[in-house]
Every structure is written in structure tokens, then in C-alpha cells.
Amino acid sequence: MSTPDLFDAAAPRPDTAKAEALRTLLHHHAHRYYTLDAPEIPDAEYDRLFRELQALEAAHPALQMPDSPTQRVGGRVLDAFASVRHALPMLSIRTETDTEASGALAFDARVRRELGLAESDPPVEYVAELKFDGLAMSLRYENGILVQAATRGDGEVGEDVTQNVRTIGQIPLRLPPEAPPLMEVRGEVYMRRDDFESLNARQREKGEKTFVNPRNAAAGAVRQLAPAIAAQRPLSFFAYGLGDITPPEQGGPAFETHFELLQTLKSWGLPVVSFVERSLGASELIAYHQRIGALRDTLPFDIDGVVYKVNSLALQRQLGFVTREPRWAVAHKYPAQEELTTVLGIDVQVGRTGKLTPVAKLAPVFVGNVTVTNATLHNEDEARRKDVRVGDTVIVRRAGDVIPEVVAVLPDRRPPGTQVFTMPATCPICGSAAVREEGEVDTRCTGGLFCSAQRKQAILHYAQRRAVEVEGLGDKLVDQLVDAGVVNTLPDLYRLGLTALASLERMAEKSGQNIIAALEKSKQTTLPRFLFGLGIRHVGEATAKALARHFGTLDAVMDASVEQLLEVADVGPIVAQSLRTFFDQPHNREVVEQLRACGVTWEEGAPAARTIRPLAGKTFVLTGTLPTLSRDQAKDLLEAAGAKVAGSVSKKTDYVVAGAEAGSKLDKAHALGVAVLDEPGLMALLNEHEVSP
């Protein structure tokens, strides 16, 4: 549907008709955006129409209707929520606590027994749905207009949360003409996981309380007394049933099945989850439970089970209720993803890259289908923000294969004398200084070449193609060498012999000889490659080249002060301090000296003359195959002239150097009007400034 010309200037329509046309159009586009996820117009165009209606209603208050899109946001702050008595009680569904297949078998057997069916009778048709982990809600529509939204409460009486629910974009404020005069839609208000993460990130930025989980956040938003604040908290809605409704004899719909009811609600603009299936008998219910269980952690929202309902509404009426629970429905749960336990201690683990991570040691608890004894606290800020202490009772969460985490502390259960967690000043593995750089959330060990926790990562980084390059030394071989205790530090690589290599699993003599030959070849390298291969934090290839050009020798780099390092192009305070911290560690210097003693060498030169680099401040992008220069050679030439070589084209790109079979980068350069050079053009530019290979 395209946006039509609403009004002909030559034949103006009354304000009432204009407001109605705007409301209809905005409802249409809101449904396309929030429910179908298929917008037809840009956000700016929707905003323009919204402002037009807003201005019209401000000029003529009588035009403001309860179903107006302008009523979604704002409203006065409430003193309290009014009570609402449900015309039909909002009953809870019986929960099947057996999380295995027998839960579906027991429900099906119970239904068949209540219906008096024999084994030879055909299977019962059910509808299988998701059990959302949100807040049950009843939406009352009169003559197609949303007039009231109420929480479940105790099932008989809930709270009037109409103003807050109007802020939920997925909920239509007006239904199409074919909807009955009276209808109460039952469903679930929830918060998507990505919206929950964004909300908590904003809360942290403002220094305000974060929410434990999406359900907690959704409930807090719905029960927010200031609707304008509720509007800032992203909520969603799924419909799954009906309460009070105009009966068929008075013009209401005559549904025969629950599935038909859901499809009709969907056709009227109400959001219905796509994971709704008709299932024949227990076997198909079991298959649904297992299939959704496998998908559970990939869904964009939380569920804690699935729901089975007898599809035939006539059979539902025949089965009726028992102790205020329907006999025709059951909730089949999954294992809990959150449980309570106690923190027995807080350890600090060191990762492959030197990151220090606090880990809570827990009293064993069964959660997410496994027994959990450890949970990550992520970093010092997170541990402090949650204020996790030894002895605390905590909520621990595990979803699928996600590492268990502590999501909240119960401070009222905290024993006396607990201590605030503090990150150690030294690495618990090697004793090197542990530092947290300005602007960083992570604390890291500085003993990269020495720390046993970082051995594998240090070796792989050193041996990669862009560093010293040891052909054939990949992940699996490094794992074997380190795990067997054959290699503990980088110099041990150059002490390897055929005997040690032959002792490794699936290592033939020829393969061993190839590795030794590759190691011997790697001894002849360059200073930039060696510097990059050391794995110094923040020192990439370009920075390593800049350091080598500036200082000429490794000793000069190692002994340079922070002030001297800051004289190097592309070296700022963070990089300078990182270099100084690395070379101030005696064991890092020892590893460097041992590598030299093993024969690793390069050509050193005099420090570069302090000349102005002609292409400083210019950004180049390389694409395609150049006739004579390799990509690395062209990059070296440009960086030697002070240019930055980027990987993608943007408005900030000064030149694109294009060779044969240049692709989308060249197209983008033309589209943005970026200057394009071929290889002769590049060489002419470099020769103009006397830059040579």
C-alpha cells in the first residue's frame, strides 16, 4: 500500500474527515511496522503524518479519539491503578512438571479418558503453542476501539493499565469493521531479548537500576505509573485467546476451532506468534515439545515451555474445568533456566588473550538441564555493579550452551561480614602486572610471552603469515605441543627436534621435517614482522612498521620512553603505555633475548630522518590485482609515505587504488566521487614525493 494523496488542495475536506483519514493511515502503517515487520514507508514519513495529526488534534481537541495513534505516548502520571473485575475470569493453566515426553503422554491420556475415547478411536487434534515468559494481559475492545487493558491479578480482579498498554506499538488501538462489537483478547506482554539488553545498557549509562530478566523488565514497564516512562521501555505482545465476546446470536463470530480463532485474530491485526501448530495425538505433541526445545535459545524472546490445547471448541466445552483450571489445556514446561544458589568463592581466570575474568564458585545447582558450579561475572565493573560477594544468595541463569552467569543478588539474604570484590593487581597465573587501560572494561595480564594461560595464543600469533610466519604450525599442532609440555615459550619452538615431533599423534617423519624447515626459514624475518609477532596489545602491523621506521633497531624500541614513543606517527598515549608496560616486564625481555639467541634475526637500520611524511592524513583503499605490485607491497609503500590504508570505502577515503577485477569497492568509489588511481597513477603520486619500494 503506497501513501496516497490524502487531500486535494483544490477541494479541501472537513477537519473531521482529515483526522479520520490520518488515523486510518497511521494504524495501517503501525500494523505493517510493528506486527508484520514489513514497513511500506520510511520512519520520517510516518513521523510527518503523526505530527500532522497531532497538530490537527491540538487545534481541534474535539477530534481527539481514544483510538488515535497520538494516545500511545504520554498521559498524566497516575496515582495508582484502578481495579478491574474481569467479565470472564483469567484462569491459569495446569502445569505439567515432567519436562520429558511423558508430560505430553499424560495429558493426551487424560483428555481421551475424559472424552471416553477407546484406544481404537482416532487421535485427538490439539493446537500446540509457545508458553511465553511475560505478563498475562486482557485487552477489551468495544465497537472496535481499545477501551481497557487489565492485568490478570488474582484471575478475578486485575489492574487497569490501559495508558501503558497503549504505548505498545504491536497492539492495535482500532480493529477492522468485521470484528465483533465486544471482544476481550487474552495474551502476553513481553520484552524481546535484544530490547531487554538495550534497555539495560541505557539504564547502566544513566547509572540507574538494571533489570534481572525480560519478564521482570516487562512487568516493571506495564506497572509504571508514568505512561511517558513506560513508552520508553520497549514492550511487545502476542494474542493467544479470548475472554468475553459478543455471542454468535448477537452478531459475534462462530468459531469452531481454537486454530481458526487464532488465525482470525491475526487477520484482524493482532499479533499471533508463528510457532502455532495443529498436532494429532501425543506423538506430534512430543515432537513439537522437542523441536521447540531445540530452538528455545535462538528465539528472540523467552519462553519457559509450550502449551497444548484441544483444538475443537465443542470438545473444550465438553471437557470443562476442574478447580478453576481447564481440562482441555496444559502447560508443558522446560527445565528452569534460573535458580537460586550460594556463592562459595570468587576466582579469577586468565583467558588466552590475557583477559582476567572473575568467576563465582557456586554451591551446585541444577539449572538449564545441567548441574552448575561456576558462573561468570564478566569483569570487575559487572561484579561491582551486581555487588556479588562470597556468601551471597544469587540468581544464576543458564540458557542452552551459554556460559552460566549471576544475574542478581538477594541482598536481604546476605550474611554479615562479606567483602566487596576487588580485581587482583597481578596475574594469578604468572604474577605479571595486571592492568586496566583507560576506557577499557577488562583487566589484562601483561606477561603475554611468559604467562602459561596465554601460551597457545602467543605461539599462534607469532607464527601467523603476517608475523614471523611458520608454515604448517596451526591450531591442532600448537595444542599438541603445549599440552604435551614440549613447548612452553616461543624460544622452545626453535629447540624442537624430530624426536619430539615424532612423539606427537599423527605426526609422520616427513611432516616433522617440514615443520623444522619452516622454523629454520622463519628465523630470517623483518623487524616490523617480529614486533607484530610479539603480540603487544594495540600494536598492529601498521604500528609495528611505523616503530621500525622511526627507531631502526629493536633495542631502541625496547628502551624508548613514553615521550619518545609518542613521537612516532600513529602512536598515541594508549599504544605508548602498552609498549612501555610490555617491555618493562623482565620475562618479556628475556623471551626476546632467547629468540635472538636461537638465531631469529632481521636487518636493522638507522633511525628514520625526522621528515614530514607527504601522504600523512590521507586514506587509501586497495582493490583488485595490480600489474606488478602485490597488495602488501603497495600497502608498505603507502604507509611509508604516511598514508593510512583502510579496508572499505567511505566519504573519508581520499583515493582508491584499483587493479584488475576490482569489485564493489570501485563501484562505491565512483558513487561517492572518490579519486581512483591505477598502478601507474599510484607510482606517479609516490614518485612525486620521492617514495620508493
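In the predicted model, M137 makes contacts, beyond its neighbours within four places in sequence, with M90, A149, A150, T151, V161, V165, V185, R186, G187, V189, V222 and F237. M137 is also among the residues with the most contacts inside the largest nonpolar core, a group that further comprises L130, L139, V185, F237, L265 and F301. This core has 70 residues. A second core, separate from it, has 54 residues, including L460, Y494, F530 and A546.

Strand 4 (135-142) is mostly covered, with seven of its eight residues buried. Strand 4 runs antiparallel to strand 7, to which eight bridges join it; within this pairing, S138 has R186 as its bridge partner. An antiparallel pairing over six bridges also links strand 4 to strand 5 (residues 145-151), where T151 is the bridge partner of M137. T151 is thus listed both as a bridge partner of M137 and among its contacts. The hairpin of strands 4 and 5 has two residues between the strands, and N143 takes a positive phi near 55 degrees there.

The largest pocket has a volume of about 1500 Å³. Its lining comprises 48 residues, and R186, G241, L242, K309 and W328 lie nearest the centre. By class, 26 of the lining residues are nonpolar, eleven are polar and eleven are charged. Strand 4 and strand 7 (182-190) each supply at least two residues of this lining, as do strand 3 (125-132), strand 8 (236-245), helix 8 (258-267), strand 10 (303-310), helix 10 (313-319) and strand 13 (329-333). The largest share, five residues, comes from strand 8. R186, one of the residues nearest the pocket centre, is also the bridge partner of S138 and a contact of M137.

Helix 20 (residues 573-583) is mostly covered, eight of its eleven residues being buried. The buried positions are V575, A576, S578, L579, R580, T581, F582 and F583. The elements that cover them include strand 19 (434-435), helix 16 (527-533), helix 17 (541-551), helix 18 (554-559), helix 19 (562-565) and helix 21 (586-597).

T623 is found in strand 21 (residues 619-623). The relative accessible area of T623 is 8%, and the residue is therefore classed as buried. Not counting residues up to four places away in sequence, T623 touches R631, V656, V657, A658, G659, A662, G663 and K665.

Conventions. Residues numbered from 1 in each chain as written. Predicted model: local features only at pLDDT ≥ 70, side-chain atom pairs only at ≥ 80, totals over all residues. Heavy atoms only, no water. 1 Å grid on protein atoms, 1.4 Å probe; cavity = no way out; pocket = protein on both sides within 12 Å on 5 of 7 lines; lining within 4 Å. Points joined across faces, edges and corners; volume = space filled by probe spheres on them. Helix = DSSP H or I, 4+ residues; strand = E, 2+ residues; numbered from the N terminus. Nonpolar A, V, L, I, M, F, W, Y, C, P; charged D, E, K, R; others polar. Buried < 20%, exposed > 50% of the residue type's maximum accessible area, 1.4 Å probe, protein only. Contact = heavy atoms within 4.5 Å. Core = buried A, V, L, I, M, F, W, Y, C linked by side-chain atoms within 4.5 Å. Pairing = 2+ DSSP bridges.
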